[in-house]
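Colleague: Could you take me through the sheet and the aromatic pairs, with the cut-offs behind each term?

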Amino acid sequence: MAFDGITVAALTKELRNTLLEGRINKIAQPESDELLLTVKTTQGQRRLYISASASLPLIYLTAENKPSPMTAPNFCMLLRKHINNGRIVDITQPRLERIIYFHIEHLDEMGDLRKKLLAIEIMGKHSNIIFCDDKGMIIDSIKHVSSQMSSVREVLPGREYFIPDTMNKLDPLTADLTAFSKALQAKPMPLGKAIYCSFTGVSPVAAEEICYLSGIESGMTARDLSPDALIHLYNQFSIYFDGVKKEDFSPVIYYANGTPKEFSCLPLTHYGSCEQKPFDSVSALLAAYYSEKNTVTRIRQKSVDLRKIVQTALERNRKKYDLQTRQLKDTDGREKYKVYGELINVYGYNLEAGARTLEALNYYTNEMVKIPMDATKTPQENAQRYFAKYNKQKRTFEALSELIKETRDEITYLESVGNALDIALSEDDLAQIKEELTQSGYIRRRFTKKKVKLKSQPFHYLSSDGYHMYVGKNNFQNEELTFHFANGNDWWFHAKGAPGSHVIVKSGGAELPDRVFEEAGKLAAYYSKNRGNDKVEIDYIEKKHVKKVNGAKPGFVIYHTNYSLVIDSDISQLTLLES
């Protein structure tokens with residue numbers, strides 16, 4: 001979810017309850033666009049992390065410290081000069097903007113009481129931290145914005161500070177029915193978009209929730225609504241924002257298939273099917289949400305090179321497969337040439353010299369056929385020409401059939417590696433995939449005396465009935481689980497016809513309850529290319545019936561007389577154990 005005005009309102013309340021009347025004890029600038037303030041309060045010392053990063057602007061309370069550069073940047077030194085030991089007298093949010101104002105009192109060099117304003121603007125790529133005097137003039141900012149960079153507002157020392165109103169948005173906390181209706185009807189766009197484009201601090205997710213609560217499709221336009229429907233929509237809009245006015249916030253992260261999908265400080269009933277994890281504070285929510293998101297993003301970034309290798313090899317093999325398939329199609333008429341040769345041998349004895357065609361009865365189909373003839377050759381030579389063409393295409397067919405199978409297997413293998421990259425969660429997982437690609441010849445092994453240590457372990461889940469379920473993260477682990485870890489009576493699961501993980505359920509020789517089969521099927525669906533589908537077909541069988549293919553890539557197996565089930569890929573109710 002966007003860091004919208006509702007989240008900022010909840011955070012403002014939390015910071016006011018925690019930091020008000022506290023004194024700024026320490027100011028650090030770990031990065032060029034970050035601040036870390038240490039504030040002494042009556043409840044103890046608290047740290048406030050502020051980031052004006054264009055990609056991930058944030059502000060929240062944290063217990064973690066960050067190392068600072070040996071020489072403090074100029075902006076940090078300026079803040080230390082003015083507000084070190086300053087008292088936070090108020091924390092406010094203008095309207096429902098994504099801005100938090102810290103009102104600070106401090107003593108100057110002469111011992112006189114002064115007031116300063118620290119404005120934290122959480123506005124995506126326009127995020128900034130701006131330091132102003134009591135008259136609203138900018139003293140300095142963590143990012144300077146000149147007139148060449150922005151024609152709307154300069155953020156430079158000596159300029160007046162103001163909030164640019166480029167979108168002419170209304171305040172959702174004060175808008176009446178007339179203003180609400182006029183704003184929406186003026187925009188010929190889907191209702192959800194019209195709401196978040198018309199009101200300050202409203203994200204697309206919040207707009208969708210308002211439409212959902214009112215029972216009106218967000219894809220409709222305001223002009224399609226009757227006056228009564230528009231009034232109903234406004235009433236739901238007002239009720240929703242009453243929670244902001246009353247500061248009745250309940251921070252929650254919504255999970256879909258174990259992955260954080262959205263967060264909100266007001267309920268999102270249209271995510272009712274998602275798993276919910278409540279938090280006591282907005283800061284704890286933000287730290288948890290972005291930590292999990294950052295882990296996924298960081299692994300994605302680190303896997304770019306491996307993905308490029310896999311994707312390049314996939315594209316090459318798919319082009320090869322298409323070419324081989326077209327060449328194979330050219331051999332479809334090979335049997336015809338064999339028949340032509342036989343018919344010429346049978347009926348060609350009475351053919352006139354120089355004839356260009358032979359009409360004969362095809363005794364295989366009982367139909368008359370016209371066979372093109374080379375007038376310069378004898379019937380026997382024409383027959384030999386057709387037999388030679390048949391034999392050539394037959395050899396081509398046999399060779400291409402083998403090559404196509406090899407290419408198809410290679411594509412399947414590379415897709416399985418791509419799936420392993422999708423579910424990788426750590427650098428150890430990536431190291432194991434890299435080693436697999438090296439052993440398969442896609443990466444050249446560099447000479448090193450250091451032996452590669454593979455620390456990655458399979459996912460380990462516990463079923464609702466207490467059975468242990470293991471999921472391979474890559475082909476090495478699939479091979480290990482199926483042929484070295486599992487016993488003959490354990491159960492093996494895999495998504496049918498799709499790259500995915502092997503799932504092993506340790507049965508302990510007991511008969512498994514039906515619910516275990518369903519949960520293991522969900523794991524096989526989730527850790528496959530069909531993740532997210534409502535219906536995924538899963539093959540399952542006792543491990544003793546799964547066989548290794550001689551000379552095949554790791555993780556490739558064959559099996560017969562398997563069972564099948566169709567299941568969704570929702571594993572939110574399953575317990576993931578530490579490896």
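Modeller: This is a predicted model, in which local features need pLDDT of at least 70 and side-chain atom pairs count only at pLDDT 80 or more, whereas totals for chains, interfaces and linings use all residues. Residues are numbered from 1 along each chain as its sequence is written, and side-chain values use heavy atoms, without hydrogens and water.

Colleague: Which strands does helix 12 lie across, and at about what angle does helix 12 run to strand 16?

Modeller: Helices (H or I, at least four residues) and strands (E, at least two) are DSSP runs numbered from the N terminus, and angles run from 0 to 180 degrees between N-to-C directions of axes, which are lines fitted to C-alpha atoms, for helices over the stretch in contact (heavy atoms within 4.5 Å). Helix 12, residues 475-485, lies across strand 16, strand 17 and strand 18, and its angle to strand 16 is about 140°.

Colleague: How many residues apart in sequence are the parts that Tyr-413 and Phe-556 tie together?

Modeller: Rings of Phe, Tyr and Trp (its six-membered ring) pair if their centres lie within 6.5 Å, planes under 30 degrees apart being stacked, over 60 edge-to-face and the rest tilted. Tyr-413 and Phe-556 form a tilted pair, 6.4 Å centre to centre with 50° between the planes. Tyr-413 lies in helix 10 and Phe-556 in the loop between strand 20 and strand 21, so the parts tied together are 143 residues apart.

Colleague: Is Phe-556 buried or exposed, and at what relative accessible area?

Modeller: Buried means under 20% relative accessible area, exposed over 50% and partly exposed in between, with a 1.4 Å probe and protein chains only. Its partner Tyr-413 counts as buried at 0%, and Phe-556 is buried as well, at 18%.
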